[in-house]
Amino acid sequence: MPTTPTPTHTFRVWIPDAPAVHLAIYNENPTGPSSPHKKIPMQKAEDLVHRPDRYGWWEATVENVGHGTFYGFIVEKNKYGVEVPLPDPRAPWLPVGVHGPSRVIDHGEFKWSDQNWRGLPLAGSLIYELHVGTFTEEGNFDAIIDKLDYLSDLGVDAIELLPVNSFPGRWNWGYDGVGLYAPQESYGGPTALKRLINACHLRGIGVIMDVVYNHLGPDGNYLECFGPYFSTKSNSWGSSVNLDTAGANEVRSFFIDNALMWLRDYHIDGLRLDAVHALVDTNAIHFLEELQHRVRDLGASLRKPLFLIAESDLNDPKMITSVEAGGYGLDAQWADDVHHSLHATLSGERQGYYGDFGSLRVLAKALTKGFVHDGEWSSFRKRNHGRAIPENVPGSRLVVFLQDHDQIGNRAIGDRITDTISPGLHRIGAALLLTSPYTPMLFQGEEFAASTPFQFFTDHNKELGEAVKKGRRAEFAEHGWNSEDVPDPQDSETFKRSKLDWKEVGKEGRHRESLEWYKKLIMLRRTVPEFSRQDNVGALEARFDEKKKWFVLYRGDLNGKVAVVVNFGKEKQVIPVCERGEKDGHDNDEGIQSVLLASWQPDW
């Protein structure tokens, strides 16, 4: 009779300076810190395979272990003198939390049924940003599946998940993640995430993952016990990741392999790269360019489009310029200037970085050029900032939004723009967003004018949590807020208040009317050729009158144009669709075939 082969698994870890490393294996399901069942000495990989490029890697092949095995690494003489087993930096599963043992996962165990899904082109898509913990009452991956029919009916092409990598505690925005390879257990863990993605693809919805490669959170970050993952350089969150000094090759691979894992093993369609301006890299081939090359090659192998979207504060078109033309070749980048222009014009706010925004002239520039700060003076930064986007760049390479997690959650009380502007102004903002030539993104609940806030919340240990609370309140006190009015991030009620109230979707009045307006705009975007076309940045035109407060955005070409006519004023007025006003863009008064109207009062 044939015998069943004994299961084996090879454990690998990069620890270049350790004198010795042991693999810790657990034979039970630990619920917290516990002693391992056995300790196995690991061997240096370069001694095993005689390859210098494996320098610093340790290996151990063990029989009778595999999917589900708990393990850790004991690193002799590590930087912080930790003597207990440490979680694997590449742990694919952290069911006990970021301080507990890692767990082996066999990705072949999950049975996918999305074989007919051939990927999602970013151009022409509508993105819907959501936070797993607050999108539903249950706050997990499986609960999102129940809302997919709603999102499909709305017209969403792809959901964008705020970071779901493992973070400390029960709730967090996700940007304090430390287990970059392991989906958060309180959301359902690896298998539940795969169920969600599979369900999305079966409904024709793509999935974008928000990933953070510029820093790790402070709680549960053991990387420095393993190797030189951080450099002496710094960014807004502390030490920069090491992309260009000794040991950088393996650090770069750590992050690039992570990106490829999400795209390959979890069938993710694209990645949103958090704050890439904080990636400090002086190499001739920048980290972003290398990442783009690797993702492109994976897409060719999988025979599906994969894409990368950068969040960048630099206003630098190099992000989305092809490698052949000297850029990084990313597929898109966020354009915060469009948000700032819309927000300041609609709300009247001018504090902080909104100081240069709010006029119709600036709004016209944002909606036709993408960047407002394209080399001109920034009063917030007190210097010139940015660079103009070349006129031959497709507008779809800019992801734009009226609301997002940062622009709501980084306000003192996490209030939405719909809390402070009229329903008519909200309709104007939605109309300009969804008829723009860019790739639009909605934030959860925006479409039905959700009344729930999205506040900053954490579940850190007591010491770190207190420091975060004091720091946040002190920051807003400097801007005139009473510190006691700023929600405590550590209070569980702050997290609970941020959950969407789905009963609002069917409520008469503003919620229902807002949802219907968004549905109509999304349908127009899909069915009107002038709205669905891929206009280059240099082919756009807008006209306006600052005194009378009217604004017209034109879409189309010589064969036909659509005018999006907006009345920001509080009185009815006649707006000259074809007559000349102040303008930004090219002249062409002929061929106006249809008009979309939005005004301060919805019933005008």
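How many bridges join S1 to strand S5? Keep that in mind as you start the tour; the model on your screen is a predicted one.

**First stop: the sheet.** Select residues 57-63, which make up strand S5, and add S1: 7 bridges join the two, and they run antiparallel. For a single pair to look at, pick Phe11, which stands opposite Ala60 in S5. Now widen the view to the open sheet of 3 strands, ordered S1-S5-S4 with antiparallel pairing. Select 8-14 for S1 and 43-44 for S4: these strands stand at the edges with a single partner strand each, so one side of each has no neighbour in the sheet.

**Second stop: the annotated domain.** Select residues 129-472, the range that the unreviewed UniProt entry annotates as "domain: Glycosyl hydrolase family 13 catalytic". Over this range the chain is 33% helix and 16% strand. Try marking the C-alpha atoms at its two ends, which lie 24 Å apart.

**Third stop: a helix pair.** Next, show helix H6 (residues 248-265) together with helix H7 (residues 287-302). Their axes are 10 Å apart and the packing angle is about 30°. Angles under 35 degrees count as roughly parallel, and H6 and H7 are therefore roughly parallel to each other. Their crossing is right-handed.

Finally, turn on side chains where the two helices meet. On the H6 side, pick residues including Phe255, Ile256, Leu260 and Arg264; on the H7 side, choose among others Phe287, Glu290, Leu291 and Leu298. Colour the contact by residue class and you will find 10 nonpolar and 5 charged residues, with no polar ones.

Conventions: Residues are numbered from 1 along each chain as its sequence is written. This is a predicted model: local features need pLDDT of at least 70, side-chain atom pairs count only at pLDDT 80 or more; totals for chains, interfaces and linings use all residues. Side-chain values use heavy atoms; hydrogens and water are left out. Two strands pair if DSSP finds at least two bridges between them. Helices (H or I, at least four residues) and strands (E, at least two) are DSSP runs, numbered from the N terminus. Axes are lines fitted to C-alpha atoms, for helices over the stretch in contact, and angles run from 0 to 180 degrees between N-to-C directions. Angles under 35 degrees count as roughly parallel, over 145 as roughly antiparallel, 65 to 115 as roughly perpendicular and the rest as oblique. A crossing is left-handed if the near helix is turned anticlockwise from the far one by less than a right angle, and right-handed if clockwise. Contact means heavy atoms within 4.5 Å. Ala, Val, Leu, Ile, Met, Phe, Trp, Tyr, Cys and Pro count as nonpolar, Asp, Glu, Lys and Arg as charged, and the others, Gly among them, as polar. UniProt positions are given in the numbering used here, feature names are shortened, and annotations may be inferred rather than shown by experiment.
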